[in-house]
Amino acid sequence: MRLFAITCLLFSILTVIGAEFSAEDCRELGLIKSQLFCSSCSSLSDYGLIELKEHCLECCQKDTEADSKLKVYPAAVLEVCTCKFGAYPQIQAFIKSDRPAKFPNLTIKYVRGLDPIVKLMDEQGNVKETLSINKWNTDTVQEFFETRLAKVEDDDYIKTNRV
């Protein structure tokens with residue numbers, strides 16, 4: 001009986017040591033297991049949060065090669081309602097500025113009553129991703145398009161001002 005109790009205790013300890021935290025455990029720590037990649041944990045020390053690294057590594061998902069490289073799309077549509085510009089001044093500032101002109105493969109579409117969203121399209125014009133951007137600031141919107149939209153070579157010398 002004593003040998004059985006020791007075996008059970010040893011097995012329990014080994015299980016706890018080798019186990020990852022559950023999604024609920026991670027949530028209690030303020031981490032979302034389904035959205036946390038292990039590559040993010042390595043940057044915690046840059047912000048003086050080294051004490052969180054161990055828990056982060058227990059809650060994270062292993063990065064894959066596909067996750068580390070962002071998908072770039074050939075076209076995007078930014079849909080917004082002008083009646084909601086007051087609620088989203090950062091989106092209005094982006095649209096009214098010269099920033100959209102830097103992205104020839106970006107279309108701005110005005111849809112009545114719609115909160116601002118971005119639709120990322122494939123080569124055939126099919127929507128592949130739809131993202132809400134109502135919490136984004138102007139710089140974030142521009143950076144997103146710089147990283148997620150394919151670069152377009154513009155050979156129109158009048159538009160590019162090249163001689």
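1. A quick definition to start: buried means under 20% relative accessible area, exposed means over 50%, and partly exposed covers what falls in between. Leu 52, with a relative accessible area of 40%, is therefore partly exposed. Please keep in mind that this is a predicted model.

2. Leu 52 sits in the loop between helix 3 (38-41) and helix 4 (53-59). Together with Tyr 47 and Leu 49, Leu 52 makes a nonpolar surface patch of about 310 Å².

3. On to the charged pairs: the salt bridges number six. Glu 79, Lys 109 and Lys 119 are linked in a network of them, and that is a nice place to look next.

4. Within this network, Glu 79 pairs with Lys 109, their closest N and O atoms being 4.0 Å apart. Lys 109 belongs to strand 2 (residues 106-110) and Glu 79 to strand 1 (residues 75-80), so the pair links distant parts of the chain, 30 residues apart. Glu 79 is buried at 7% relative accessibility, whereas Lys 109 is partly exposed at 44%.

5. Glu 79 also forms a salt bridge with Lys 119, with 3.3 Å between the closest N and O atoms. Lys 119 lies in strand 3 (residues 117-121) and Glu 79 in strand 1, so this pair ties together parts 40 residues apart in sequence. Lys 119 is partly exposed, at 22% relative accessibility.

6. Finally, Glu 129 and Arg 148 form a salt bridge whose closest N and O atoms are 3.0 Å apart. This pair links strand 4 (residues 127-132), home of Glu 129, with helix 7 (residues 138-148), home of Arg 148, across 19 residues. Arg 148 is buried at 11% relative accessibility, while Glu 129 is partly exposed at 25%.

Technical notes. Residues numbered from 1 in each chain as written. Predicted model: local features only at pLDDT ≥ 70, side-chain atom pairs only at ≥ 80, totals over all residues. Heavy atoms only, no water. Patch = residues over 30% accessible without salt bridge, like charges linked within 9 Å, V, L, I, M, F, W, Y side chains within 5 Å. Areas by Shrake-Rupley, 256 points an atom, 1.4 Å probe, with all protein chains shown as cover. Salt bridge = Lys/Arg side-chain N within 4 Å of Asp/Glu carboxyl O. Helix = DSSP H or I, 4+ residues; strand = E, 2+ residues; numbered from the N terminus. Buried < 20%, exposed > 50% of the residue type's maximum accessible area, 1.4 Å probe, protein only.
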